[in-house]
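Here is a short set of exercises to work through with the model open in your viewer. Each task comes with a solution, so try it yourself before reading on.

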Amino acid sequence: MTTNQFLATPPLRAADQLFTLRNANDMRLTISERGAALVSWWAPDRYGKVADVLLGYRDAHGYADNSAYFGAVIGRWANRIAHGRFMLDGAPVQAAVNDRGNHLHGGEDGFHKARWQLSASDTGVSLRLSSPDGDGGFPGKLDVQVHYRLDDEGRLTIDFEAVTDAPTPVNLTAHPYFNLNGGSADVGDHMLQIDADFYLETDQGGIPVGVAAVGGTPFDFRQPAAIGPRLGWPDAQIRLAGGFDHCYCIQPHAMGRAGPLREVARVVDPGSGRCLQVSTTEPGLQFYSGNYLDGVQGRAGRPYARHDGFCLEAHAYPDQLNGQCASAVILRPGQVYRQTTVYRLSLQS
């Protein structure tokens, strides 16, 4: 059974419309038209206490800037492109650069800052955006839709679609920051499991430099392990990124293309008993341990600190446009880009 009740939520400011999805168990998920962002997700713990498990800003000004990408849809290109440069059908393209000389998350004015057109239906909330030719340096007009639905089992299903009038790269993702204890502590004691044998090592700019096996490294989460202790391992990749900010190869046989929907990660907070399961069609899963949250003003009236939240972002491989599978992430006229990611919140049995 699926129950989506739509509540017109008081806006963060007059120009930003919000909608709240509520399921039969009174789980509440609020979505903003600004960045198509997931603003809050209220869910009970094992004692019945309800808390917001998402990080976010206290007012609309934060979401209008959103330098931390809290909850937003990311595009046209999630993650990084080396120097913002790539070849498309034999011609060079220069995308916007905004992170250590590289392109990150659509550039300074990516989809995370845009005002999307929001509408509700019996199946959830849909948001639409038309990205003009040249937006962020990318060619072609791109029409994007994201659809959110919340079912009575605590599953938030996010379906992405996009079409274009000219060849262009497309790599979309959702960027919620989770803290399953509701912000009472950092995420160090969260038990993480990722179903991946390999991850992408990076250089100091976050650009992949090669595929590495997780075995014998702090990146091995094939069995559940607490996040916090792994941050202190004497590992060059951990030191370079200030924690985890790496892509796991979760669909290795997809060769950079979308595959079947399957569960790829699970996180449990031992204190609250809350459990997050992540399923996706995408080949890559970026695990980010909130390394740069220091000083970001949160909604609780205090700045966030490092590792106060984590992200599990499903998308294509970082810098894939400059790799062997570049053609897999080029959308052409007449084609439809599709991606599905599911976040499920429940209580540990």
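The model is predicted.

**Exercise 1. A hairpin and its continuation**

Task: Find out how many residues lie between β2 and β3, and which residue in the turn has a positive phi.

Solution. Start at the turn: β2 and β3 form a hairpin with five residues between them. The residue to pick out there is aspartate 26, with a positive phi of about 65°.

Next, follow the pairing. Strand β2 covers residues 18–22, and five bridges join β2 to β3 (residues 28–32), the two running antiparallel. For a concrete pair, take threonine 20, whose bridge partner in β3 is threonine 30.

Now move on along the chain. β3 and β4 also form a hairpin, again with five residues between them, and here glycine 35 in the turn has a positive phi of about 75°. Four bridges join β3 to β4 (residues 38–44), and this pairing is antiparallel. Isoleucine 31 stands opposite leucine 38 of β4.

Last, check the surroundings. Buried means under 20% relative accessible area. Four of the five residues of β2 are buried, so β2 is largely enclosed by the rest of the structure. For β3, four of the five residues are buried, so this strand too is largely enclosed by the rest of the structure.

**Exercise 2. The nine-stranded sheet**

Task: Trace the open sheet formed by nine strands, and say which strands are at its edges.

Solution. Walk across the sheet in the order β11-β12-β13-β14-β27-β23-β22-β17-β20, where the pairing is antiparallel. The edge strands are β11 (117–121) and β20 (225–226), since each pairs on one side only.

Then look at the β20 end. Strand β17 (residues 191–194) is joined to β20 by two bridges, and these strands run antiparallel. In this pairing, leucine 192 has alanine 225 of β20 as its bridge partner.

As background, strands of a sheet pair through backbone hydrogen bonds, either parallel or antiparallel.

**Exercise 3. The largest cavity**

Task: Work out which residues line the largest cavity, and how they divide into nonpolar, polar and charged.

Solution. Begin with the count: there are three cavities of 30 Å³ or more. The largest cavity has a volume of about 80 Å³.

Then list the lining: Arg80, Arg100, Thr202, Asp203, Gln204, Gly206, Leu240, Ala241, Asp245 and Tyr292. Sorting these residues gives three nonpolar, three polar and four charged.

**Exercise 4. Asparagine 102**

Task: Decide whether asparagine 102 is buried or exposed, and find what its side chain approaches.

Solution. First place the residue: asparagine 102 is found in the loop between β9 (91–94) and β10 (103–104). With a relative accessibility of 5%, asparagine 102 counts as buried, because the cut-off is under 20%.

Next come its contacts. Setting aside residues up to four places away in sequence, asparagine 102 touches Ile81, Ala82, His83, Gly84, Val97, Gly205 and Ile207. A polar atom of the asparagine 102 side chain lies 3.4 Å from the backbone oxygen of glycine 205.

**Exercise 5. Backbone details in loops**

Task: Look up phi for histidine 105 and histidine 307, then find omega for the peptide bond from glycine 75 to arginine 76.

Solution. Take histidine 105, in the loop between β10 and β11. Its phi is near 55°, a positive value in a residue other than glycine. Histidine 105 is buried, at 5% relative accessible area.

Now turn to histidine 307, in the loop between β24 (284–288) and β25 (311–315). Here phi is near 65°, also positive in a residue other than glycine. Histidine 307 is buried, with a relative accessible area of 13%.

Finally, the peptide bond from glycine 75 to arginine 76 is cis, with omega near 0°. Arginine 76 lies in the loop between β6 (73–74) and β7 (80–81).

**Exercise 6. Valine 170**

Task: Name the residues that valine 170 contacts beyond its neighbours within four places in sequence.

Solution. Locate valine 170 in the loop between β15 (168–169) and β16 (173–174). Valine 170 is buried, with a relative accessible area of 3%. Its contacts beyond those neighbours are Arg76, Trp77, Leu142, Ala162, Val329, Leu331 and Tyr337. Arg76 is the arginine of the cis peptide bond in the previous exercise.

Key:
Residues numbered from 1 in each chain as written. Predicted model: local features only at pLDDT ≥ 70, side-chain atom pairs only at ≥ 80, totals over all residues. Heavy atoms only, no water. Pairing = 2+ DSSP bridges. 1 Å grid on protein atoms, 1.4 Å probe; cavity = no way out; pocket = protein on both sides within 12 Å on 5 of 7 lines; lining within 4 Å. Points joined across faces, edges and corners; volume = space filled by probe spheres on them. Nonpolar A, V, L, I, M, F, W, Y, C, P; charged D, E, K, R; others polar. Buried < 20%, exposed > 50% of the residue type's maximum accessible area, 1.4 Å probe, protein only. Polar contact = N/O pair within 3.5 Å; in protein donor to acceptor, adjacent residues only side chain to side chain. Contact = heavy atoms within 4.5 Å.
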